[in-house]
Amino acid sequence: MKKRIIAFVLAATMVAGMTGCGSKSSDSASQGAAGAATSTDLNVMIETGVESLDPQQATDGTSFEVIADYTDGLMQMDADGNPINAIAESYEISEDGCTYTFKLRDDANWSNGKPVTAADFVFAWQRAVDPEVASEYAYMLSDIGQIVNAEEIIAGEKDKSELGVKAVDDKTLEVQLNVPVSYFLSLMYFPTFYPVNEEFFTECGDTFATSPETTLSNGAFVLDDYEPAATAFHLTKNEDYYDASKVSLTGLDYQVIQDSQTALMSYQSNTLDITLVNGDQVEQVSADPEFNTIGAGYLWYVSPNIKDVKELQNLNIRLALTNAINRENVTSQLNDGSLPTYTAVPRDFSADFSADQDKFGAYCADDATAAAKYWEAGLKELGVDSITLEMKVDDDDAPKKVATVLKSEWEETLPGLTVDIVTEPKKQRVQDLQEGEFELGLTRWGPDYDDPMTYLGMWVTDCANNYGFWSNEEYDSIIAECTTGELCTELDARRERLYDAEQLVMEDAVIFPIYTAANATLVKANVSGIEFHPVALNRVYKNTVKE
Amino acid sequence: MKKYVLKRVLTSIGTLLAIVLVLFILMHLMPGSPFNDEKLTDVQREVIYAKYGLDDPIVVQFGRYVVNMCKGDFGVSYKISKNTPISQLIETRLPISIGIGFYAVARGAVIGLILGLLAALKRDTIIDTVCTIVSVIGVSVPSYVFALGLSYTLGFKWKIFPMLYDSADALGSSVMPSIALSMFTMASIARFTRTEMIEVLGSEYMLLAESKGLSGTKLIFTHALRNALIPIITVLAPLVVDLMTGSLVVEKIFAIPGVGSLLVNAIQSNDYNVVIALSFIYSAMYIVIMLVVDILYGIIDPRIRLGKEGD
């Protein structure tokens, strides 16, 4: 009996083994993903899968990118990140800047043939603030977009029907704001503001946006192969798209690859047209003409705990710390195109707000001599000759590398200073900083919208992200003036005032900016026109050409 | 025998419940939550917690979870695939992981058996040394090293098998991961077979069989291997489950849409329901396999059955 079992197992294995081997010849041919010569599908690598294709539920960059592949909002981004008309054919802004009237284009249709109407936007935006939907990005409509009643609806104080958006007719959408918002049009390309067709949504019920059958497209591509948490999925060109003549790709083939070595090998064997490169691999590929570094808009900075740590309450000590950093050295260690940063708003962001990196050179520079002077003065004021500080850092490659460089530079330049590095999982580190359980924290912030306020808004008194608990009345009043006050409509004056605010942050060394992060990327030479953005949609493929 | 089986089944169910409780507590002790994005306001966080019932006391959450679980409802994902039922996530992924695991075990067992047999029969020759070296390497080198090596040679250099999992060619895509995973099983089985065979070959009944004039093949397959197999089956069972855990890293390297990669992502993003459901499935599989082995063992080996019937 046992012999028979063994014989069976043996036979089964051999058969299985042979099928495995036998199919090898057919698989390379059947691999559409492997860049067959006839198709001009773009083969895209992503590091993490799609978390949600529901525009009002999605919060991560990958999901936003994919949603935007097949959905157009009122506006879309041009190559420079400026808002240009998409579903909106034209718009009017009232004189007080509080009413936006969008005229929708007549030829915009959903992939089931129904027209895209103003009601689709009203339905979607009401979903975004509906407490039952509990959208994590609801604050894009309230705090940031300042749409009338959004805040009260989120808090459950008003009904969602009272949201300040209405469909005047099928093709006219009217939005009411509490105060003028200078960057409101640039919010319109953010997926939280994308339309959802109510009838279709109701038909799908709980399964909305979980498969090709339960998604509707009104954009350049149509989702045709997808399942939740998929590691590979596909979109094909939308022939009924109003702008279809401009779309040259036949489709997008996405592949989630978490292992950087596998990703690089796949790129080198032409299975991928675009891939991210891990910091350790940069050296191998940096000479390759296909290698690029793309600004990611993230500002990495050190946050000192100004409220609870006596030594860090001393301004001279803080100024010493920020001046003792050699930022050029940090970025050369990272070697991925990251840029040294000496401003509280990162570089290459919001019409290059921080173009002048020497603007606050008196407070923040790579200046060991100045640092030593501040340090001496600070120690004198505190009446001590040595200080030990602890710095909390994410348990990831880049932050650990940066922390090691910072520690050695600080300890070398500032005699008597000892810095202990504590590495923690990111979630723990975030929690510790939020709860004030830290002395120094190495952290980062990515922009939510195309305005310096996405960074400067953090340092107002009692903001949850103001980890150091810094508080300055003048600063609070400038920020208020620029958010809800009279400067909202006077854009040039507002920009100048924001520099005044930034100056306060820098002269008080509220944070020690270190660098603006970049993504090391490989893009095949025959591919052009992928648009990269630090905000909202990181990659846009509508105008991409693959020869 | 019936009483023994019943007792073992009840213990298994109890163990599973205890595992769910421990998992539940561990998950909630982990730092952060699925929703501790720096950008969420306090009001928002309360709204979200209330929606998913995460603001209830942990005892209430546990009770609700167990009740739902008994109905086959493992809840929805909070993070990695928002609001998707866990059962839907696992449905397509589990067969892929099990498939690769099955190939790996089958390959590993058969090759391991052959290597072990050769080593035992040609004891103290060059063949024995080679087999021993192969099994030492197989046991000590982690599966992801084999995976990377295979991916580089067979996938990247020679392009025989796809480097990335392709659902249109599931079998071809399974070859490299299952070979990488099978190395440990193969090595363990080879070592075990060798030891068992040497013991059996030196036993008195083998001497008797040989003196009766039985031919070499019959002697080895009917008498020696048959007796050596019993303990081998017992070590094979837990190896099957070990493969599941080994597949966590291998799935990442080959971008396989299996449950292993799902579990890793879920742990990193505190997606409670996914982690608990998957850990539960792993535990359940382990317990079921151990249960089956225990019962089978009793059936195969009369001495054990007699022993158990006594209690």
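1. Two residues are in contact if their C-beta atoms, placed from the backbone, lie within 7 Å. By this criterion, Trp125(A) touches Leu141(A), Leu163(A), Val165(A) and Phe193(A), when residues up to four places away in sequence are not counted. The model discussed in this note is a predicted one.

2. Trp125(A) also belongs to the largest nonpolar core, which holds 213 residues. It is one of the residues that touch the most other members of that core, together with Ala320(A), Leu456(A), Ile514(A), Ala180(B) and Phe254(B). The largest share of this core is contributed by helix H4 of chain B, residues 86–121, which supplies 14 residues. A second core, separate from the one just described, has 17 residues, and Ala229(A), Leu263(B), Ala277(B) and Leu278(B) are among them.

3. The overall form of chain A may be considered next. Its secondary structure comprises 18 helices and 21 strands. The radius of gyration of chain A is 26 Å, and the globule rule gives 24 Å for 547 residues; the two values are close, so chain A is as compact as a globular protein of that length. Along the principal axes, the C-alpha atoms of chain A fill a box of roughly 80 × 75 × 50 Å.

4. Of the 547 residues in chain A, 49% are buried. If one takes the contacts in chain A between residues at least 6 apart in sequence, 68% of them join residues at least 24 apart.

5. Helix H3 of chain A deserves separate attention. This helix spans residues 61–70, and eight of its 10 residues are buried, so it is largely enclosed by the rest of the structure. The buried residues are Ser63(A), Phe64(A), Glu65(A), Val66(A), Ile67(A), Ala68(A), Asp69(A) and Tyr70(A). Which elements cover them? The cover includes four strands of chain A: E8 (221–225), E9 (232–237), E10 and E20 (539–540).

6. The final point concerns the contact between the chains. Here 54 residues of chain A are in contact with 52 residues of chain B. On the side of chain A that touches chain B, the elements giving two or more residues are helices H1 (2–22), H2 (24–30), H8 (260–268) and H15 (426–434), and strand E10 (251–256). H1(A) provides the largest share of this side, 10 residues. By class, the side of chain A that touches chain B has 20 nonpolar, 25 polar and nine charged residues. Strand E10 of chain A thus appears in two settings: it gives residues to the side that touches chain B, and it is part of what covers the buried residues of H3(A).

Technical notes:
Residues are numbered from 1 along each chain as its sequence is written. Chains are lettered from A and ligands numbered from 1 in the order in which they are written. This is a predicted model: local features need pLDDT of at least 70, side-chain atom pairs count only at pLDDT 80 or more; totals for chains, interfaces and linings use all residues. Ala, Val, Leu, Ile, Met, Phe, Trp, Tyr, Cys and Pro count as nonpolar, Asp, Glu, Lys and Arg as charged, and the others, Gly among them, as polar. A nonpolar core is a set of buried Ala, Val, Leu, Ile, Met, Phe, Trp, Tyr and Cys residues joined through C-beta atoms within 7 Å. A residue is buried if 20 or more other C-beta atoms lie within 10 Å of its own, exposed if 12 or fewer, and partly exposed in between; C-beta atoms are placed from the backbone. The radius of gyration is taken over C-alpha atoms; the globule rule is 2.2 Å times the number of residues to the power 0.38.
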